[in-house]
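User: I am new to this structure and should be grateful for a close look at a single part of it. Please describe the place where the chains meet, with particular attention to the charged side chains.

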Amino acid sequence: MGDRSRLCSVWLGSETGILKGVSVSRKQAFNFCNTSHLSRDQEVRALCWADPAESELLVGSVDGTVKTFSTEKGAFTETRRCGDPADGCFTGLATLNSSALLTCGECGTVRVWREDSSEPATELDAGKNVCRMRQSPVHQHKIATGGKENGLKIWDLEKPEKPVFTAKNLRDDWLDLRRPHWVRDMAFIPDSDKVVTCTGYHQVHVFDPSSPQRRPVLEAEYGEYPLTALSLLADGNTVVVGNTHGQIAMLDLRKGLVRGCLKGLAGGVRWLQCHPSQPVVASCGLDRFLRIHSLEDRKLLHKVYLKSRLNCLLLASRDLVDGGGATEGEGATQEVKEEEDEVWDAMEQVGEVGETPKRKTAQEEEEPQKSKKKRKKGRD
Amino acid sequence: MDITEVPVSQDNKGKKKKNKKPKKKIVKEEGNGEGSGVEKKEVEKMEKSEAAAAFPPTFSVSEIKNKQRRHLMFMKLKQEKRMQKMQLKKKKKKEREALGDKAPPKEVPKTIENQRVYDETTVDPEDEEVTFDEGTDEFSAYFNGLTNPKVLITTSDRPRGRTVRFCEQLATVIPNAHVYYRRGLALKRVIPQCVSRNFTYLMVINEDRKVPNGMVLCHLPDGPTAHFKISSVRLRKEIKRRGKDPTEHCPEVILNNFTTRLGHSVGRLFAALFPQDPQFVGRQVATFHNQRDFIFFRFHRYIFKNEKKVGIQELGPRFTLKLRSLQKGTFDSKFGEYEWVLKRHEMDACRRKFHL
């Protein structure tokens, strides 16, 4: 169990309550389940890493429990009760300094839980109908919340009474009617204070708390259907959004133009995540597939069928493809290298042109050596 | 006459036959007074010799500009091909008879269904996760026997004769179905009222140019909404050799060929339209047959003549459906989340890939 979970580089939560781990390099998916029999109220709604070393996952379910899953052991280690099902499902889960837990339910209450007590240490009311809560990757105590008719609010957990920044709704339209707003997902842009949100009215807004303007600094539109998921690229200039029809697009935040669309999804997108170092984006949704697209040429790299509807996903920071094969592959290649080194030392050296093998992956290391061998055999 | 004929025929038949040109000219000029018979023979000879030599690969029948000659050449080509095919068949048959029992098995012809690209979402009957998923989805109340289906059939606003008759016939086929006039009401407002009156299904037949062309099937408490395209509707009076009108007995339901996960969902959607206890006394059966992503609906009455032979009479309307989208939740085309949407450019690109 432990070795299976160590191979997985992508973790997904499904509606049936099963935590799925996918090893992209081996194209295998593993199911990890807490209880022996499945039930719908274990439906996974939020996933996050419990620590920066990514050895433990926090899984938030519909019935209000947060379970800890250890990737080393491959099993659920503990369960905590963090709220009632009456509060609504989890819309955000995060950790504070690796000891405290942040949860947010649909009813709007954001709670900070300490490890020992079963009562929340701090409570915050973010309004009603909150759709998402996200934590800033830079400042751990800053969070953003937003929902239906509940604009973007940025809170500082040390001062829980008032939000640090409340966004104002857009100006009334040309008929002087109030514009409805529905924040579905948001992300903090690195290297600045700005926050980008996507709405149920197919708009993408960028807010800048440092500027006096409380209305969005940038407004962009995509498609005709509500945007349900959002993910920022590592460079901070491009954002990937997905809507309920399964259309995923990359938008440039400097001007608000669509840079390209990713094809393949048939159902609504539930969660998107860009890999922190590689230019790939993983998407999951209601059509029960995990898809990994490359961002440079917008091609589908991997597609995995997972039998239940998927709610959320989490990518490990290590390389997607290497992740699983790393430990085993290195052992094998080292042995192979030693044997081959002896062979090379025994043979006479012949100068060859254009021999600069890229030493990125284990596989690529083997290939030039193999091709060298072949050529030599031909000459001999 | 002669001089004009020669260049025409030669241009048509051979860009490579230039070497023959001077010879033909001389011949034609000599045979000036011999009449058209000689010319025709020469033309035929030319045709034959050129036909024999014309099968080098770069010459094709479509290069001949004269329609009559081109047609003749094409017919010849076809006849040649057919003859070759028949000869091949005869040879194979002889060999097969000669070998007798040891003959290799007959080759199965390739059809699109044979060549279907394997769909990884095909449901494995022993898969626990899928069985759990299906067992607890929105239809579980029906399949566990807790609710009985009650269907509301309506149309788009101001329906015309054909659609109205189609709805009436559908209401006779589906037990416990009620037809209501739409009166321009918004579906999102109709749905809560249906739920409060214990309806389990809302079926809206959309009409375009006096002909039904779409169907929205919404499972009521909070169930999925499917949008289909209807084509090829035949009302009762248009069906030849049909039986008498269907009776009030609950029909049996046959669902054919719904193999993938999406197919299963759609199949369950149809199954939940009919009550769970069919009355075999009525000997009526409704069939939903899926082939190549088209769902064919037929309604028959059957009678067993003896143990092996069955006679069937088609009653009732017949129509074809094609799934366009499956949306989670009740009808909300703008803000609802779609579980599956038909995207023609992406999904219909491969002829051998089907989704249901």
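Analyst: A:Arg309 forms a salt bridge with B:Glu339, and their closest N and O atoms lie 3.0 Å apart. This pair belongs to a predicted model, and it offers a starting point for the interface of chain B and chain A, across which eight salt bridges are found.

On the side of chain B that touches chain A, three elements each supply at least two residues: α5 (128–135), β10 (337–341) and α10 (344–347). Of these, β10(B) gives the largest share, with five residues. Sorted by class, that side of chain B has 13 charged residues, seven nonpolar ones and four polar ones.

The extent of the meeting can be stated as well. In chain B, 24 residues are in contact with 35 residues of chain A. Between them the two chains bury about 2500 Å², and 50% of this area is on carbon and sulfur atoms. In addition, 19 residue pairs are in polar contact across the interface, counting pairs with both residues at pLDDT 80 or more.

A second pair deserves attention. The side chains of B:Asp133 and A:Arg288 meet in a salt bridge, at 3.5 Å from N to O. B:Asp133 lies in helix α5 of chain B, whereas A:Arg288 lies in the loop between β25 (280–285) and β26 (289–294) of chain A, so this pair joins two chains. Both B:Asp133 and A:Arg288 are buried. As a general matter, side chains of opposite charge can pair when their charged atoms come close.

The two pairs described above are also parts of something wider. A:Arg309, B:Glu339, B:Asp133 and A:Arg288 are among the residues linked in a network of salt bridges. From chain A the network further includes A:Glu15, A:Arg40 and A:Arg270. From chain B it includes B:Glu134, B:Arg261, B:Lys328 and B:Glu337.

For context, the structure holds 29 salt bridges over all chains, and two of those within chain A may be set beside the pairs at the interface. A:Glu43 forms a salt bridge with A:Arg45, with 3.3 Å between the closest N and O atoms. Here A:Glu43 is buried, at a relative accessible area of 11%, while A:Arg45 is partly exposed, at 28%. A:Arg254 forms a salt bridge with A:Asp252, the closest N and O atoms being 3.1 Å apart. In this case A:Arg254 is exposed, with a relative accessible area of 59%, but A:Asp252 is buried, with 11%.

How values were computed:
Residues numbered from 1 in each chain as written. Chains lettered and ligands numbered in written order. Predicted model: local features only at pLDDT ≥ 70, side-chain atom pairs only at ≥ 80, totals over all residues. Heavy atoms only, no water. Contact = heavy atoms within 4.5 Å. Buried area = accessible area lost by both parts, 1.4 Å probe. Salt bridge = Lys/Arg side-chain N within 4 Å of Asp/Glu carboxyl O. Polar contact = N/O pair within 3.5 Å; in protein donor to acceptor, adjacent residues only side chain to side chain. Helix = DSSP H or I, 4+ residues; strand = E, 2+ residues; numbered from the N terminus. Nonpolar A, V, L, I, M, F, W, Y, C, P; charged D, E, K, R; others polar. Buried < 20%, exposed > 50% of the residue type's maximum accessible area, 1.4 Å probe, protein only.
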